[in-house]
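Reader: I am new to this structure and should be grateful for a close look at a single part of it. Please begin there and then set that part in its surroundings.

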Amino acid sequence: MNSDSLGPALADTPAKFQLTPKDSDTGELDGDLLEVSMGPHHPSTHGVFRMDVVLDGERIVKLKPVFGYLHRNHEKIAEGTSYLASIPYTDRLDYFNSMTNNWAYCLSVEKLAGLQVPERAEYIRVITAELSRLQNHASLLGFLMHDMGTMGTPLMYAFREREKILDLFESLSGSRMMCNYHRFGGCRVDLPPGWLDAAKKVVTEFPRFLDEFENLLTTNEIVMARSQGVGVLPKELAVNASVTGPMLRASGVNYDIRKVDCYGIYERFPFRVPLGDHGDVYDRYMLRILEMRESLKILEPALRDIPDGPIVDPKAKQRGLKPKPGEAYGRIEAPKGELGFYLISDGSTNPYRYRVRPPSLINLTILEDMCLGHTVADAVIVLGSVDIVLGEVDR
Amino acid sequence: MLGTGIIKGLVETARNFTGSYHDPARLTTVQYPEEKHPLPENARNFPFLVHDGDDPEKGLRCVACLICEKECPPQCIYIVAERDEKGKVIRHPKLFDIDISVCMSCQICLEVCPFDAIKMDTEFELSKHGRFEDLLLHKQQLAKSNDYYRQIHPTEAAEVDARLAEAKAKQTAKVTPAKPVGQASSLSQSQSPAAPPAPAVPA
């Protein structure tokens, strides 16, 4: 290929750049294209994740996500152990949001065993899940900005806020990240004295952080130039690839499991579902900011109205739980998307089949479609905006 | 105008920078080894065994029932029950090891223990030289007094003490009617050691 034929091709259709016929015939690269293995130990990949990228100059013509470096056999371990002993393992799926992981698992076991959750426990679950969403989105935006090259300032501000929420989790459950807090038919321990006031304080101070964060970034010209029009995910593709969570809503599809499924007591809270318009990285950034503001609207009434009462169904057996034979699928709107647990019981103490529907993994499948035609630096922020945690991708 | 967004952001950074000199909300770090954040009462790290009284061996509440060993998700507990001369199992652990390099601090052992014998410690500065042998804690290292437990988890320990005292009261009430009627009140507790060894509660 001489330089004459390459010039116009690059100028005309950079987004649709395909392998030349010669390359695709032989399946080999002839020197015009460069194959780069990004990762698995690359700071931009949020863990041990690898992207096999084929580059034409700076443009990506092919991208293959490679994962499995953090595979821990979670599902098979859970099939060999009791229902209770799987809860601490679910903490380690998406290790930013152990509270929502616990909830999703407990929800499916409750469906399987037919357990009821007391009112107070439902409130606690909503509060912990929304706090979890706040700290997940805050730290994700920090990471995303770090990927864009802000060199840590927004990340440090986000982590300062995340720290306050982790302190709440620690005083509630004993652990900052591996909470292991929800139980079948309720929660493990009651709120310690003064916890609600501390949580109210965090919630009332959070908008100040959001305003600060937005001042810092939302109208920043560099952020806009880097992220607008980059990594566009069309509506149809998002639906076809079963993308869920903020990724899907940033593409303009109104689908929030808190609204669609009304699990827990979410129908009691007045919150709206923010939607994106373009489906690019900037929309995903903006959508998460708006989702945090909506989460605060859930938290305020929840912290105000939480009733007294038991926190766990007294009939619920934690150790040696033997649900009747059957199957159940429990799903919740985790901060990263639809997190579901599919369980089949054969009547024994451990599940016959245990399957996780991980939002990170499924949201990752359209990475190539979003990155084609963009530069490597753009691929990094597109990956950052997908919001993956490798603990959940590989399990 | 191009650049206003950046200037707005820089103002925010400057506010945080100057704020870090006088505003505690903007300076949240502490100088770790010298200063420490206080731990919340519920904090947990690795399990330990509670013993009553002064003797860490005799006072152990653990009866080697192996429930925690079976329920432990990463299988990091290893227990061997003590046997008497005839080979009969005594309700006391001969070996109780926890491999804290495997333990994931989930406190399932604590939840399933029917005797309140295992509790969570809060100590976290545990770096050791030996990678394997120093991280395998034996009964001797794991045994800590009930006073220590009261000190690190006051509320929880008070609940546990009350629960155990109640259980003991019930048991003595159960034992008492079995005695001949006239002597019931005069019998002291020390005369009924044949009953299943309920965890002793310090007065």
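In which strand of chain B is B:F96 found?

Author: The model discussed here is predicted. Within it, B:F96 belongs to strand β3 of chain B, a strand that covers residues 89-99. The residue is buried, because its relative accessibility is 1% and the cut-off for a buried residue is under 20%.

The surroundings of B:F96 can be described through its contacts. Leaving aside residues up to four places away in sequence, B:F96 touches B:L49, B:C62, B:C68, B:I77, B:Y78, B:I79, B:I118, B:L137, B:H138, B:K139 and B:L142. One of these partners, B:L49, lies 47 residues from B:F96 in sequence, yet the C-alpha atoms of the two are 9.2 Å apart in space.

A word on confidence is in order. The average pLDDT of chain B is 81, and 86% of its residues score at least 70. Residues 181-203 of chain B, by contrast, stay under 50 throughout, and the model has 21 contacts for them beyond four places in sequence. Where pLDDT is low, the predicted coordinates should not be read in detail. For the complex, the predictor gives an ipTM of 0.77 and a pTM of 0.83.

Chain B also meets chain A. The contact draws 30 residues from chain A and 30 residues from chain B. Between them the two chains bury about 2,500 Å², with 50% of that area on carbon and sulfur atoms. On the side of chain A, the residues A:N215, A:E221 and A:R319 supply 21% of the area buried against chain B, more than any other three residues.

Polar interactions also cross this interface. Two salt bridges are found between chain A and chain B; a salt bridge joins the side chains of B:E111 and A:R183, at 2.6 Å from N to O. In addition, 19 residue pairs are counted in polar contact between the chains. Helices α4 (87-91), α7 (153-173), α8 (195-217) and α9 (221-227) of chain A each supply at least two residues of the side that touches chain B. Of the elements of chain A, α7(A) gives the most to that side, with seven residues.

Chain A contains a further helix worth describing, α6, which runs over residues 119-148. Its 30 residues should span 44 Å at 1.5 Å a residue, and its end C-alpha atoms are 44 Å apart, so the expected and modelled spans agree. Helix α6(A) is mostly covered, with 27 of its 30 residues buried. Just after α6(A), A:G149 adopts a positive phi of about 105°.

Note on methods:
Residues numbered from 1 in each chain as written. Chains lettered and ligands numbered in written order. Predicted model: local features only at pLDDT ≥ 70, side-chain atom pairs only at ≥ 80, totals over all residues. Heavy atoms only, no water. pLDDT = per-residue confidence, 0-100. Contact = heavy atoms within 4.5 Å. Helix = DSSP H or I, 4+ residues; strand = E, 2+ residues; numbered from the N terminus. Buried < 20%, exposed > 50% of the residue type's maximum accessible area, 1.4 Å probe, protein only. Expected span 1.5 Å × (residues − 1). Buried area = accessible area lost by both parts, 1.4 Å probe. Salt bridge = Lys/Arg side-chain N within 4 Å of Asp/Glu carboxyl O. Polar contact = N/O pair within 3.5 Å; in protein donor to acceptor, adjacent residues only side chain to side chain.
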